[in-house]
Amino acid sequence: QQGLTLVEQVAFDVRTVQSYLMVAALSCDRHEDYNRFVTRHRTDLSSAWNTIEAWFRRTHGREAQRHMDEYITNLANLHAQDGIRRAGQFCTGVAALWQDALTQSGPISIAALTGRYTLASPLDEVLSALAARQPAPRQGTPAARTAQR
């Protein structure tokens, strides 16, 4: 993703997995599995949250909390819509994700689940909106010369 370091991308992906599992826990009555996931990965989840908070502060300044809240809400809504779309097959379809999520170790392996299970995220829209509000580099600066290439 443009505009993110590798650590930030991993953090957003970890949060995507957590959000999806939270929706699945609520939709499929898998609260114990969710609690095991959170307990097992407490450090990774906390680190991801802190990294995401820092990214929003850096990129949105005083509006960081509002933008982060919107992102987290949109992420959960996106996952809830997936559950609605898949209706009766959602809970059986998420069973393999539960098993994988509970056996991962470390943020990179948790983040990899987003690709393996094609978990949606509104991150592209956030990055596009951020890029759209960035001023163009001034002529003659190194950034402007890079942009012209």
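These are my notebook entries on what I looked up in this structure, which is a predicted model.

**Entry 1: the overall fold**

I began with the secondary structure. I counted 10 helices and zero strands. Reading along the sequence, I wrote down the pattern α-α-α-α-α-α-α-α-α-α.

Next I looked up burial for the whole protein. The protein has 149 residues, and 41% of them count as buried. Its exposed surface comes to about 8800 Å². Carbon and sulfur atoms supply 53% of that surface.

I also checked how far along the sequence the contacts reach. I took contacts between residues at least 6 apart in sequence, and 71% of these join residues at least 24 apart.

**Entry 2: the disulfide**

How many disulfides does a search of the whole structure find? I found one. Cys-28 and Cys-91 form it, and their sulfur atoms are 2.1 Å apart. Cys-28 sits in helix α1, while Cys-91 sits in helix α5, residues 90–93. The two cysteines are 63 residues apart, so I noted a link between distant parts of the chain.

I then looked up the handedness. The torsion about the S-S bond of Cys-28 and Cys-91 is about -95°, so this disulfide is left-handed.

Are the two cysteines buried or exposed? Cys-28 counts as buried, because its relative accessibility is 15% and the cut-off for buried is under 20%. Cys-91 has 30% relative accessibility and counts as partly exposed.

**Entry 3: helix α2**

I turned to helix α2, which spans residues 31–40. Which of its residues are buried? I listed Asp-33, Tyr-34 and Phe-37. Seen down the axis of α2, these buried residues fall within an arc of 100°, so they line one face of the helix.

I asked what covers the buried residues of α2. The cover includes α1 (6–28) and α3 (42–60). It also includes α6 (95–103) and α7 (107–111).

**Entry 4: His-79 and Thr-16**

His-79 is in helix α4, residues 64–86. Its relative accessibility is 1%, so I put His-79 down as buried.

Which residues touch His-79, leaving aside its neighbours within four places in sequence? I noted Thr-16, Ser-19, Tyr-20, Val-23 and Ala-120. One atom pair caught my eye. A polar atom of the His-79 side chain lies 3.3 Å from the backbone nitrogen of Tyr-20.

I also checked His-79 against Val-17. They are 62 residues apart in sequence. In space they are 9.9 Å apart, C-alpha to C-alpha.

I followed the contact to Thr-16, which lies in helix α1. Thr-16 also counts as buried, at 1% relative accessibility. I again left aside neighbours within four places in sequence, and read off the contacts of Thr-16. Among them are Tyr-71, Leu-75 and His-79. Thr-114, Leu-119, Ala-120 and Ser-121 are also in contact with Thr-16. Ala-120 therefore appears in both lists: it is in contact with His-79 and with Thr-16.

**Entry 5: salt bridges**

I searched the whole structure for salt bridges and found eight. I followed up some of them.

Asp-82 pairs with Arg-85, and the closest N and O atoms are 3.4 Å apart. The two residues are three apart in helix α4, so about one helical turn separates them. Asp-82 is buried, with a relative accessible area of 16%. Arg-85 is exposed, at 60% relative accessibility.

Arg-116 forms a salt bridge with Asp-100, with 3.2 Å between the closest N and O atoms. Arg-116 lies in helix α8 (residues 113–116) and Asp-100 in helix α6, so the pair ties together parts that are 16 residues apart in sequence. Both partners are partly exposed: Arg-116 has a relative accessible area of 47%, and Asp-100 has 21%.

Which residues do shared salt-bridge partners join into one network? I noted Arg-30, Asp-33 and Arg-36. Within this group I looked up Asp-33 and Arg-30, whose closest N and O atoms are 2.5 Å apart. Asp-33 counts as buried, at 13% relative accessibility. Arg-30 counts as partly exposed, at 22%. Asp-33 had already come up in Entry 3, as one of the buried residues of α2.

Conventions: Residues are numbered from 1 along each chain as its sequence is written. This is a predicted model: local features need pLDDT of at least 70, side-chain atom pairs count only at pLDDT 80 or more; totals for chains, interfaces and linings use all residues. Side-chain values use heavy atoms; hydrogens and water are left out. Buried means under 20% relative accessible area, exposed over 50%, partly exposed in between (1.4 Å probe, protein chains only). Helices (H or I, at least four residues) and strands (E, at least two) are DSSP runs, numbered from the N terminus. The arc is that of the directions from the helix axis to the C-beta atoms. Contact means heavy atoms within 4.5 Å. A polar contact is a pair of N or O atoms within 3.5 Å; within protein, one must be able to donate a hydrogen and the other to accept it, and residues adjacent in sequence count only if both atoms are side-chain atoms. A salt bridge is a side-chain nitrogen of Lys or Arg within 4 Å of a carboxyl oxygen of Asp or Glu. Accessible areas come from the Shrake-Rupley method with a 1.4 Å probe; for residues, only the protein chains shown count as cover. A disulfide is a pair of cysteine sulfur atoms within 2.5 Å.
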